[in-house]
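Me: I've got this model open and I'd like a close look at a single part of it, the place where the helices pack. Could you walk me through that, and then set it in the rest of the chain?

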Amino acid sequence: MEIILKPYDSASEKTMLCSIIAFFCVHHSQVNDTEALEILSNWTKEDSELYDILGDGVSVGFIRLNWRGPKGCW
């Protein structure tokens with residue numbers, strides 16, 4: 001399987017929103033569409049990087065990097 005990290009762009013917004021809702025569900029929280037859109041907005045701000053994880057060209061997940069200063073990333 002070929003794995004690619006593709007920087008998030010608005011073309012994959014619907015897929016990313018579904019992934020965010022599923023992520024919170026797995027972690028025993030529920031978010032609605034409006035909340036997921038707000039989360040996506042926060043996750044695409046200047047101090048964050050968001051990537052689609054593609055397996056053989058199909059979205060299989062995401063990864064978010066949140067920079068905490070010049071040397072730290074969470």
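Reply: Let's start with how far to trust it. Confidence bottoms out in strand E3, residues 58–66, with a mean of 94, and peaks in strand E1, residues 3–7, at 97. This is a predicted model, and its mean pLDDT over the protein chain is 93, with 100% of residues at 70 or more.

A quick orientation before zooming in. The chain has two helices and three strands, and reading from the N terminus the order is β-α-α-β-β. The C-alpha trace spans about 30 × 30 × 25 Å along its principal axes.

Now for the helix pair. Packed helices are generally described by two things, the angle between their axes and the distance between those axes. Here H1 covers residues 13–26 and H2 covers residues 33–43, and they pack at about 105 degrees with the axes 9 Å apart. That angle makes H1 roughly perpendicular to H2, because the range from 65 to 115 degrees counts as roughly perpendicular.

Who's actually touching whom? On the H1 side you'll find Glu-13, Met-16, Leu-17, Ile-20, Ile-21 and Phe-24. They meet Asp-33, Ala-36, Leu-37, Ile-39, Leu-40 and Trp-43 from H2. Sort the residues of that contact by type and you get 10 nonpolar, two charged and no polar. The charged ones are Glu-13 in H1 and Asp-33 in H2.

The loop between H1 and H2 deserves a click too, since that's where His-28 sits. Most residues other than glycine have a negative phi, but His-28 has a positive one, near 60 degrees. His-28 also counts as exposed, because its relative accessible area is 77%.

Go out the other end of H2 and you enter the loop leading to strand E2 (48–55), which holds Lys-45. Lys-45 is partly exposed, because its relative accessibility is 45%. If you want a link across the sequence, Lys-45 and Asn-66 lie 21 residues apart along the chain, with their C-alpha atoms 9.3 Å apart.

Past E2 comes the loop between E2 and E3, home to Asp-56 and Gly-57. Asp-56 is another non-glycine residue with a positive phi, near 50 degrees. Gly-57 counts as exposed, because its relative accessibility comes out at 60%. To tie this loop back to the helix pair, try Leu-37, one of the H2 residues in the contact with H1: Gly-57 and Leu-37 are 20 residues apart in sequence, and their C-alpha atoms are separated by 24 Å.

Finally, swing round to E1, where Ile-3 is found. Ile-3 counts as exposed, because its relative accessible area is 52% and the cut-off is over 50%. Leaving aside neighbours within four places in sequence, Ile-3 touches Ile-53, Leu-54 and Gly-55. Tyr-51 is 48 residues from Ile-3 in sequence, and their C-alpha atoms are 12 Å apart.

Zooming back out, 28% of the 74 residues count as buried. The chain exposes about 5,400 Å², and carbon and sulfur atoms supply 57% of that area. As for contacts between residues at least 6 apart in sequence, 40% of them join residues at least 24 apart.

How values were computed
Residues numbered from 1 in each chain as written. Predicted model: local features only at pLDDT ≥ 70, side-chain atom pairs only at ≥ 80, totals over all residues. Heavy atoms only, no water. Axes fitted to C-alpha atoms, helices over the stretch in contact; angles between N-to-C directions. Helix = DSSP H or I, 4+ residues; strand = E, 2+ residues; numbered from the N terminus. Parallel < 35°, antiparallel > 145°, perpendicular 65-115°, else oblique. Contact = heavy atoms within 4.5 Å. Buried < 20%, exposed > 50% of the residue type's maximum accessible area, 1.4 Å probe, protein only. Areas by Shrake-Rupley, 256 points an atom, 1.4 Å probe, with all protein chains shown as cover. pLDDT = per-residue confidence, 0-100.
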